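Welcome! Here are some short exercises, each with a worked solution. Keep the sequence and the 3D view at hand as you go.

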Amino acid sequence: MNESRFVIELEGKQDVFSFRPVEFERDVDTLFNWMHQSHIAPFWKLNLPIKEFTQWLNHSIESKQKDIYIGSYNDIPICYLIAYAVKDDPIKKYYSYHKDDLGMHLLIGPRSYLNKEDGLSIIRGMILFLFEHYGAQRIIGEPDVRNRIIIPILKGMGGEVKGTIQLPHKKATLIMGERELIMNKLDKDGIQVTFINKLSQEGITL
């Protein structure tokens, strides 16, 4: 299977993560369900009728401007992740960007996993996958300012809040994660990462 798979170990506890490209037939029902959840719909605004939703998903899969993934946590599908090159996106107008910055959007699907402990583990997995797969030195996030769970988790991982920006569709908190700072924090926290398999997919380039 074409996926990145790795183990994160902390204090003797091992969690297995995997990330693979979204596949329409395999993932449409899962993503449709997630986008209609009350903790996701207000932010993503993709709680659409099925016909419109399938059009959106097909367009997203075919897009050359972004890569989209389903992530699993201990073999349970748990999150949706978008990676995009900042240099090719309007977000570059909102801060002093580097040409190889990587942008990300994310959501955690099942509401039961949207807690401090699981949320931190899952977002940590996302960040590690992005750093490894794209070789990025900085990752940029711009969550809605109302998101009181994702923002503290990103800050707790070593992300630095750069300010508040007004995007066309939302008021967002701009957060920047430097690879060196985040990796150093993982080392300091005693977190070990072992990659079992690496994704061979070709997609966006930085």
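**Exercise 1. Find how many cavities of 30 Å³ or more the structure holds, and describe the largest cavity.**

Step 1. Start with the count: this predicted model holds one cavity of 30 Å³ or more.

Step 2. Next comes the volume, and the largest cavity encloses about 100 Å³ of space.

Step 3. Now look at the walls. The lining consists of M104, I127, F131, I139, G141, L154, M157, G159, I175, M176, G177 and I182.

Step 4. Sort these residues by character: nine are nonpolar, three are polar and none is charged.

Step 5. Finally, ask which elements contribute. At least two lining residues come from each of α4 (116–134), β6 (138–141) and β8 (170–178). With three residues, β8 gives the most.

**Exercise 2. Trace the order of the strands in the open sheet, and find its edge strands.**

Step 1. Walk across the sheet strand by strand. Its nine strands follow the order β7-β8-β6-β5-β4-β3-β2-β1-β9, with mixed pairing.

Step 2. Check the two ends: β7 (160–167) and β9 (192–197) are the edge strands, each pairing on one side only.

Step 3. Consider the twist. On average, neighbouring strands of this sheet are turned by 30 degrees against each other, direction ignored.

Step 4. Recall a general point: strands of a sheet pair through backbone hydrogen bonds, either parallel or antiparallel.

Step 5. Zoom in on one pair. Strands β4 (residues 76–85) and β5 (residues 102–108) run antiparallel and are joined by seven bridges. Here C79 stands opposite I108 in β5.

**Exercise 3. Work out which strands helix α1 lies across.**

Step 1. Locate helix α1 at residues 24–35.

Step 2. Follow the helix over the strands: α1 lies across β2 (13–21), β3 (66–73), β4 and β5.

Step 3. Compare directions, and you will find that α1 runs at about 90 degrees to β4.

**Exercise 4. Decide whether L206 is buried, partly exposed or exposed, and list what L206 touches.**

Step 1. Place the residue: L206 sits in the segment after β9.

Step 2. Apply the cut-offs. Buried means under 20% relative accessible area and exposed means over 50%, so L206, at 31% relative accessibility, counts as partly exposed.

Step 3. List the contacts. Leaving out residues up to four places away in sequence, L206 touches A85, K87, K99, D100, D101, L102, Y134 and A136.

Step 4. Take one distance across the model: the C-alpha atoms of L206 and T54 are separated by 29 Å, and these residues are 152 residues apart along the chain.

Note on methods
Residues are numbered from 1 along each chain as its sequence is written. This is a predicted model: local features need pLDDT of at least 70, side-chain atom pairs count only at pLDDT 80 or more; totals for chains, interfaces and linings use all residues. Side-chain values use heavy atoms; hydrogens and water are left out. Two strands pair if DSSP finds at least two bridges between them. Helices (H or I, at least four residues) and strands (E, at least two) are DSSP runs, numbered from the N terminus. Axes are lines fitted to C-alpha atoms, for helices over the stretch in contact, and angles run from 0 to 180 degrees between N-to-C directions. Contact means heavy atoms within 4.5 Å. On a 1 Å grid over the protein atoms alone, a cavity is a set of points where a 1.4 Å probe fits but cannot get out, and a pocket is an open set with protein on both sides within 12 Å along at least five of seven lines; lining residues have an atom within 4 Å of a point. Grid points are joined across faces, edges and corners, and a volume is the space filled by probe spheres set on the points. Ala, Val, Leu, Ile, Met, Phe, Trp, Tyr, Cys and Pro count as nonpolar, Asp, Glu, Lys and Arg as charged, and the others, Gly among them, as polar. Buried means under 20% relative accessible area, exposed over 50%, partly exposed in between (1.4 Å probe, protein chains only).
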